[in-house]
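Work through these exercises with the model open beside you. Each task is followed by a worked solution.

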Amino acid sequence: MSARAFFKGTTTLPTQSKPRAACVVKAVRAEGATEPVTPPPAPKFCLGMAGSSAPFTNFDPMSFSADKTANQLKLYREAELTHGRVAMLGVVGFAVGENFNPLFDGSVTGPAINHFQQMPDNFWVGPLFAIALAEAYRISYGWSKPGGGLYTLREGYTPGDLGFDPFGLKPTDAKELMGRQTKELNNGRLAMIALAGLVAQELVTGEKALAL
């Protein structure tokens, strides 16, 4: 290089590469370090379904829900809701039938547990047909088709929700819906106990349990 060119500033000095120490340290740290693993959330009692209310929250002293699949828990809830609804209708039937019964010329009398036996011949065909229709609809709506496995509910089916809401009473808010479902379950549970008590009382005494 000539002196003239040097002093004129036409020379270019070789550029140095940027330090890579930080990159190397970061790579080593990333390779050896382990990310903290977040533990999965604890499973909710009965899949978080409605029905657990104070003072007996998460009440399962016999551990019926332990080690059960989601389908089995939903089957239990389906059975509980169905029996609870029938029991609520039964308690109302006891109260009405023992105090107000204008049908069949007033020939049906006495304790409610003996009313069905006093019905005219072949009367049972009507109620039996109505029950069969209701059960057929429930099965076709919430249960898997044949071949999908025995005792298997449809994917996404909510136990007890048969799409029957002619008056639009079902809340749209999730919290309010949970509260309404819990109230229905609690009333159904009480009705099952009450109906068992009514039947037992009338069997023992032979008299009307709800006569006014």
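**Exercise 1.** Which residues line the largest cavity?

*Solution.* Start with the source: this is a predicted model. Next, count the cavities. A search of the whole structure turns up one cavity of 30 Å³ or more. The space in the largest cavity is about 40 Å³. Now list its lining: Glu80, Leu81, Gly84, Arg85, Met88, Glu184, Leu185, Gly188, Arg189 and Met192. Then assign elements. Helices α3 and α5 each supply at least two residues of this lining. Finally, sort by class. The lining of the largest cavity has four nonpolar, two polar and four charged residues.

**Exercise 2.** At what angle do helix α3 and helix α5 pack, and how far apart are their axes?

*Solution.* Mark the helices first. Helix α3 covers residues 70-97, and helix α5 covers residues 174-205. Their packing angle is about 55°. Their axes lie 7 Å apart. Now name the arrangement. Angles of 65 to 115 degrees would count as roughly perpendicular, and those under 35 as roughly parallel. The angle of α3 to α5 fits neither range, so the two helices are oblique to each other. Last, give the hand: the crossing of α3 and α5 is left-handed.

**Exercise 3.** Which residues make the contact between α3 and α5?

*Solution.* Take one helix at a time. From α3 come Arg77, Glu80, Leu81, His83, Gly84, Arg85, Ala87, Met88, Gly90, Val91 and Phe94. From α5 come Glu184, Leu185, Asn187, Gly188, Arg189, Ala191, Met192, Ala194, Leu195, Leu198, Val199 and Glu202. Then sort them. The contact of α3 with α5 has twelve nonpolar, five polar and six charged residues.

**Exercise 4.** Which residues are closest to the centre of the second largest pocket?

*Solution.* Begin with volume. The second largest pocket holds about 620 Å³ of space. It is lined by 24 residues, and those closest to its centre are Phe45, Phe59, Arg77, Glu80 and Arg189. Next, look at the elements. Those giving two or more residues to the lining are α3 and α5. Helix α3 gives the most, with four residues. Close with the classes: the lining of the second largest pocket divides into 14 nonpolar, six polar and four charged residues.

**Exercise 5.** Which residues does a cis peptide bond join, and what is the phi of leucine 47?

*Solution.* Take the peptide bond first. Alanine 54 and proline 55 are joined in cis, with omega about 0°. Place it: proline 55 sits in the loop between α2 (21-32) and α3. Now turn to phi. Leucine 47 has a positive phi of about 65°, although this residue is not a glycine. Leucine 47 lies in the loop between α2 and α3.

Notes: Residues numbered from 1 in each chain as written. Predicted model: local features only at pLDDT ≥ 70, side-chain atom pairs only at ≥ 80, totals over all residues. Heavy atoms only, no water. Axes fitted to C-alpha atoms, helices over the stretch in contact; angles between N-to-C directions. Parallel < 35°, antiparallel > 145°, perpendicular 65-115°, else oblique. Left-handed = near helix turned anticlockwise from the far one by under 90°. Contact = heavy atoms within 4.5 Å. Nonpolar A, V, L, I, M, F, W, Y, C, P; charged D, E, K, R; others polar. 1 Å grid on protein atoms, 1.4 Å probe; cavity = no way out; pocket = protein on both sides within 12 Å on 5 of 7 lines; lining within 4 Å. Points joined across faces, edges and corners; volume = space filled by probe spheres on them.
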